[in-house]
Every structure is written in structure tokens, then in C-alpha cells.
Amino acid sequence: MVLNTTTTSKNVSGHEGDKVNITADIVDEESNPVQNGTATLTLNGNNYTVEVKNGKAVFTDVVLPSENTTAVIKYAGNDNYNPSSTTINVTIIADPEPSPEPIPDPEPIPVDPTPGPSPNP
């Protein structure tokens, strides 16, 4: 008998170009961890494929794109398990704007310390 499966994963966030690890949990219809097979994460046109071990597919060093997007994780299924998939949100954190260069204080205007002629009375 082939069992149905469910694939779940948490949303991820980070900065553009960050390398993150994404873990998917894959269980059968009786909530038992799926013991084998492969899962593929598709993000921004890039595919990452890993073996499922003890109900987990761990995708390492996934490079985050430049914009917010979604990623799809698909468990392929096999002779014992039906395929399943999930979609997660990928949120890109904007880098802070660089601080402007400080503007130097203007040079003080020199004042002549010698008194000028006295006004005539």
C-alpha cells in the first residue's frame, strides 16, 4: 500500500546573497517520518535536491535572491509514498542605507582683536 505524504517547512528570511539552510519535514498519512526518497527545493530558477532521512530534507547553503519570492519544496515519492509539496515565502531584508558622510563645521571667521579708532564725540 502506498501512503500519502505531507511536506511542510518554515518561511525564511535574510539578506540578498546570504546562504541559509532550509529544512522540510515530510511525514506519511499516519504522521510517521518518511524514511527515504528525494526532495527538491526550487528557488529563483535554482534546484537543490537532497535525500530524505528520517522525515527530514535539509537543503544547505541555499543562496537567497535579490527580491522577495516563494520557493517550492517537492517530495518526489517512491514505491512506498506518494509525492507531496509545499510553498514557502522567502523574504529579503533590505540592507540599511549607508550613513551620509558628516559635513564638517565651517571654519570660524577670524576676528581682529585690536580695537579700531574711537568714534569722535
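## Exercises on an all-strand chain

In this predicted model, 7 bridges join strand S7 (residues 69–75) to S8, and the two run antiparallel. The exercises start from that pair.

**Exercise 1. Find the partners of S8.**
Which strands are joined to S8, and in what direction do they run?

*Solution.*
- Step 1: Take S7. Its 7 bridges to S8 are antiparallel.
- Step 2: Pick a residue pair there. Val-72 stands opposite Thr-87 in S8.
- Step 3: Turn to strand S2 (residues 12–14). It is joined to S8 by 3 bridges, and these two strands run parallel.
- Step 4: Pick a residue pair again. Val-12 stands opposite Val-90 in S8.

**Exercise 2. Sort the side chains of S8.**
Which side chains of S8 (residues 84–92) are buried, and which are not?

*Solution.*
- Step 1: Recall the rule. In a regular strand, side chains alternate between the two faces of the sheet.
- Step 2: Read off one face. Ser-84, Thr-86, Ile-88, Val-90 and Ile-92 point there and are buried.
- Step 3: Read off the other face. Ser-85, Thr-87, Asn-89 and Thr-91 point that way and are not buried.
- Step 4: Apply the cut-off. Buried means under 20% relative accessible area.
- Step 5: Link back to the pairs. Val-90, opposite Val-12, is on the buried face. Thr-87, opposite Val-72, is on the other face.

**Exercise 3. Do the same for S1.**
How do the side chains of strand S1 (residues 5–9) alternate, and which strand is joined to S1?

*Solution.*
- Step 1: Thr-5, Thr-7 and Ser-9 share one face and are buried.
- Step 2: Thr-6 and Thr-8 point to the other face and are not buried.
- Step 3: Strand S3 (residues 19–28) is joined to S1 by 5 bridges, running antiparallel.
- Step 4: Ser-9 stands opposite Ala-24 in S3.

**Exercise 4. Describe the whole chain.**
How many helices and strands are there, and why is the chain called more spread out than a compact globule?

*Solution.*
- Step 1: Count the elements. The chain has 0 helices and 8 strands.
- Step 2: Compare radii. The radius of gyration is 31 Å, while the globule rule gives 14 Å for 121 residues, so the chain is more spread out than a compact globule.
- Step 3: Check the spans. The C-alpha trace covers about 120 × 25 × 20 Å along its principal axes.
- Step 4: Look at burial. Of the 121 residues, 29% count as buried.
- Step 5: Look at contacts. Among those between residues at least 6 apart in sequence, 56% join residues at least 24 apart.

Definitions and conventions
Residues numbered from 1 in each chain as written. Predicted model: local features only at pLDDT ≥ 70, side-chain atom pairs only at ≥ 80, totals over all residues. Heavy atoms only, no water. Helix = DSSP H or I, 4+ residues; strand = E, 2+ residues; numbered from the N terminus. Rg over C-alpha atoms; globule rule 2.2 N^0.38 Å. Buried < 20%, exposed > 50% of the residue type's maximum accessible area, 1.4 Å probe, protein only. Contact = heavy atoms within 4.5 Å. Pairing = 2+ DSSP bridges.
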